[in-house]
Amino acid sequence: MAIRKSNRLPQTAVLKQILKRCSSLGKKQQDYDEQGLPLDVPKGHFVVYVGENRSRYIVPISFLTRPEFQTLLQQAEEEFGFDHDMGLTIPCEEEVFLSLTSMLR
């Protein structure tokens with residue numbers, strides 16, 4: 001009777017592979033500075049989430065003074081309020097949001 005070699009990796013090798021995958025997943029997540037602000041958002045901008053899929057957009061703070069954008073903010077407050085963890089969510093279709101913000105630039 002011949003002894004077959006197992007194709008299975010030793011447990012330590014399997015654990016190393018799992019740890020490597022987990023650490024690479026962490027690198028894909030958004031990085032934050034020491035103040036808790038996302039590093040991919042330039043100074044003078046903020047993040048909003050728009051549409052059914054909650055697509056993420058970075059917009060300039062100057063939009064906050066525009067009446068057209070203030071209307072969106074009022075709708076957001078009425079529908080979602082401003083006291084939640086998701087970030088600022090704008091309740092409109094992405095196409096409408098993109099059209100409006102392209103006119104504001």
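Is V50 buried or exposed? Keep that in mind while I set the scene.

What you see is a predicted model. The protein chain averages a pLDDT of 76. At least 70 is the score for 66% of the residues. One stretch is weak. Over residues 17–29, pLDDT stays under 50. For that stretch the model has 1 contact beyond four places in sequence. So I will leave it there and turn to the rest.

First, the layout. The protein chain has 3 helices and 3 strands. Read from the N terminus, the order is α-β-β-α-β-α. There are 105 residues in the protein chain, and 25% of them count as buried. The exposed surface of the protein chain is about 8700 Å². Carbon and sulfur atoms supply 54% of that surface. Now take contacts between residues at least 6 apart in sequence. Of these, 38% join residues at least 24 apart.

Back to V50. This residue is found in strand β1. V50 is buried, because its relative accessible area is 0%, and the cut-off for buried is under 20%. What is V50 in contact with, leaving aside its neighbours within four places in sequence? The list is S55, Y57, I90, C92, E93, E94 and F97. Look at C92 in particular. V50 and C92 are 42 residues apart along the chain. Their C-alpha atoms are separated by 6.5 Å.

Next, Y49. It also has its place in strand β1. Y49 counts as buried, at 17% relative accessibility. Y49 and L88 are 39 residues apart in sequence. In space they are 6.1 Å apart, C-alpha to C-alpha.

L88 comes up again with L73. L73 is found in helix α2. At 16% relative accessibility, L73 counts as buried. L73 and L88 are 15 residues apart in sequence, and 8.7 Å apart in space, C-alpha to C-alpha. Leaving aside neighbours within four places in sequence, L73 is in contact with L64, F82, L88 and I90.

Now the core. Nonpolar side chains tend to be buried together in soluble globular proteins. Here, the largest nonpolar core has 16 residues. Which of them touch the most other members? They are V48, F69, I90 and F97. Five elements are worth finding on the screen: β1 (45–50), β2 (55–60), α2, β3 (88–90) and α3 each give two or more residues to this core. Helix α2 gives the most, with 4 residues.

Let's zoom in on F69. Setting aside neighbours within four places in sequence, F69 is in contact with F46, V48, V59, F63, L64, F97 and L104. Two of those names return in a moment.

How do two helices get described? For packed helices, we give the angle between their axes and the distance between the axes. Helix α2 covers residues 67–80, and helix α3 covers residues 94–104. They pack at an angle of about 150°. Their axes are 10 Å apart. Which residues meet there? From α2 come E68, F69 and L72. From α3 come F97, L100 and L104. By class, this contact has 5 nonpolar, no polar and 1 charged residues.

One last stop: R54. Its place is in the loop between β1 and β2. Most residues other than glycine have a negative phi. R54 is not a glycine, yet its phi is positive, at about 55°. Is R54 buried or partly exposed? At 33% relative accessibility, R54 counts as partly exposed.

To recap. V50 in β1 is buried at 0%. F69 is one of the residues that touch the most other members of the core. F69 also takes part where α2 meets α3. And R54 has the positive phi. Thanks, that's my tour.

Definitions and conventions:
Residues numbered from 1 in each chain as written. Predicted model: local features only at pLDDT ≥ 70, side-chain atom pairs only at ≥ 80, totals over all residues. Heavy atoms only, no water. Buried < 20%, exposed > 50% of the residue type's maximum accessible area, 1.4 Å probe, protein only. Contact = heavy atoms within 4.5 Å. Areas by Shrake-Rupley, 256 points an atom, 1.4 Å probe, with all protein chains shown as cover. pLDDT = per-residue confidence, 0-100. Axes fitted to C-alpha atoms, helices over the stretch in contact; angles between N-to-C directions. Nonpolar A, V, L, I, M, F, W, Y, C, P; charged D, E, K, R; others polar. Core = buried A, V, L, I, M, F, W, Y, C linked by side-chain atoms within 4.5 Å.
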